[in-house]
Amino acid sequence: MTDDFDFSFRFHVSSVAVRKIWAWAAASEVEISGLGEVLVEGNALRLTERVVLPAQRGSPGSTQTTHQALLALTDALLAQGIDPCPFRLWFHSHPQMSAFFSGTDETTIQDLSRLWSPCVAVVINDLGETTWRVVWNGISTEWACEPPSLALTPKERRDAAQTLTPVTKFRHR
């Protein structure tokens, strides 16, 4: 006798969050990373509009933040009355590359999935192409998405560049 296990879930993604992440990725010549709020609602996950960028340094092939920057971000969320616990999306960009999980990304996802359940990861490039992964109860599901059908607006690009300036230590496009 075998046991059947049905691991199906729905994943609802805020288009506002995806466009904001995409605009940040398009505005930067180097990798950026951040966090997003993912709520668990029964067997469904919902990425809300809340996506944030900690202070960080970036290069064309990596992004780094510090424990102090993450603590400062947590303190800022708490000061706004926002619970930081649901922030279990890790996103980062691959500027002018395809959207794939590198070996370093695989290690990061593995580490985060020990801390967060569920753990959601996404890599996005400047064209808006994405690869997503959800690790939940030890099961990993991955998929890729094409860019959104509507191009970024000039306002989205301006807002993204202004948001990046105080939190990052690198060049912007």
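**Exercise 1. The second largest pocket**

Work out which helix supplies the largest share of the lining of the second largest pocket in this predicted model, and describe the character of that lining.

*Solution.* The helix to name is H2, which contributes 6 residues, the largest share of the lining of the second largest pocket. The next step is to list the lining residues, which are Leu35, His67, Leu70, Leu71, Leu73, Thr74, Leu77, Pro84, Cys85, Phe87 and Trp116. Sorted by character, the lining of the second largest pocket holds 9 nonpolar and 2 polar residues, with no charged residue. The space in the second largest pocket comes to about 240 Å³.

**Exercise 2. The largest pocket**

Find which residues lie nearest the centre of the largest pocket, and state which elements supply its lining.

*Solution.* Begin at the centre of the largest pocket, where Ser33, Thr63, Thr65, Trp90 and Thr108 lie nearest, out of 25 lining residues. Then move to the elements: E2, strand E5 (62–64), helix H2 (67–79), strand E6 (87–94) and helix H3 (103–115) each give at least two residues to the lining of the largest pocket. The largest share, 5 residues, comes from H3. By character, the lining of the largest pocket splits into 9 nonpolar, 14 polar and 2 charged residues, and the pocket holds about 670 Å³ of space.

**Exercise 3. Strand E8 and its partners**

Determine whether the residues of strand E8 (residues 130–136) are buried or exposed, and identify the bridge partners of Thr131 and Thr130.

*Solution.* Strand E8 is mostly covered, since 7 of its 7 residues are buried, which means that each has under 20% relative accessible area. In a regular strand the side chains alternate between the two faces of the sheet. Looking at E8 itself, Thr130, Trp132, Val134 and Trp136 point one way, while Thr131, Arg133 and Val135 point the other way, and all are buried.

Next, consider the strand on one side: E7 (residues 119–125) runs antiparallel to E8 and is joined to E8 by 6 bridges, with Val123 as the partner of Thr131. These two strands form a hairpin with 4 residues between them, and Gly128 in the turn has a positive phi of about 95 degrees.

Finally, turn to E9 (residues 139–145), which pairs with E8 in the antiparallel sense over 7 bridges; here Cys145 is the partner of Thr130. The hairpin of E8 and E9 has 2 residues between the strands, and Asn137 takes a positive phi near 55 degrees.

**Exercise 4. Salt bridges and exposure**

Describe three of the salt bridges, giving for each partner whether its residue is buried or partly exposed.

*Solution.* The count for the model comes to 7 salt bridges. Take first the pair Glu37 and Arg50, whose side chains meet at 3.3 Å, N to O. This pair links distant parts of the chain, as Glu37 is in strand E2 (residues 33–41) and Arg50 is in strand E3 (residues 44–52), 13 residues apart. Glu37 is buried, because its relative accessible area of 8% is under the 20% limit, whereas Arg50 is partly exposed at 38%.

The second pair is Arg46 and Glu41, which meet at 3.0 Å, N to O. Here Arg46, at 31% relative accessibility, is partly exposed, and Glu41, at 37%, is partly exposed.

The third pair, Glu142 and Arg133, meets at 2.4 Å, N to O. Glu142 is partly exposed at 45%, while Arg133 is buried at 9%. To complete this step, note that Glu106, Arg133 and Glu142 are linked in a network of salt bridges.

Definitions and conventions:
Residues numbered from 1 in each chain as written. Predicted model: local features only at pLDDT ≥ 70, side-chain atom pairs only at ≥ 80, totals over all residues. Heavy atoms only, no water. Buried < 20%, exposed > 50% of the residue type's maximum accessible area, 1.4 Å probe, protein only. Pairing = 2+ DSSP bridges. Salt bridge = Lys/Arg side-chain N within 4 Å of Asp/Glu carboxyl O. 1 Å grid on protein atoms, 1.4 Å probe; cavity = no way out; pocket = protein on both sides within 12 Å on 5 of 7 lines; lining within 4 Å. Points joined across faces, edges and corners; volume = space filled by probe spheres on them. Nonpolar A, V, L, I, M, F, W, Y, C, P; charged D, E, K, R; others polar.
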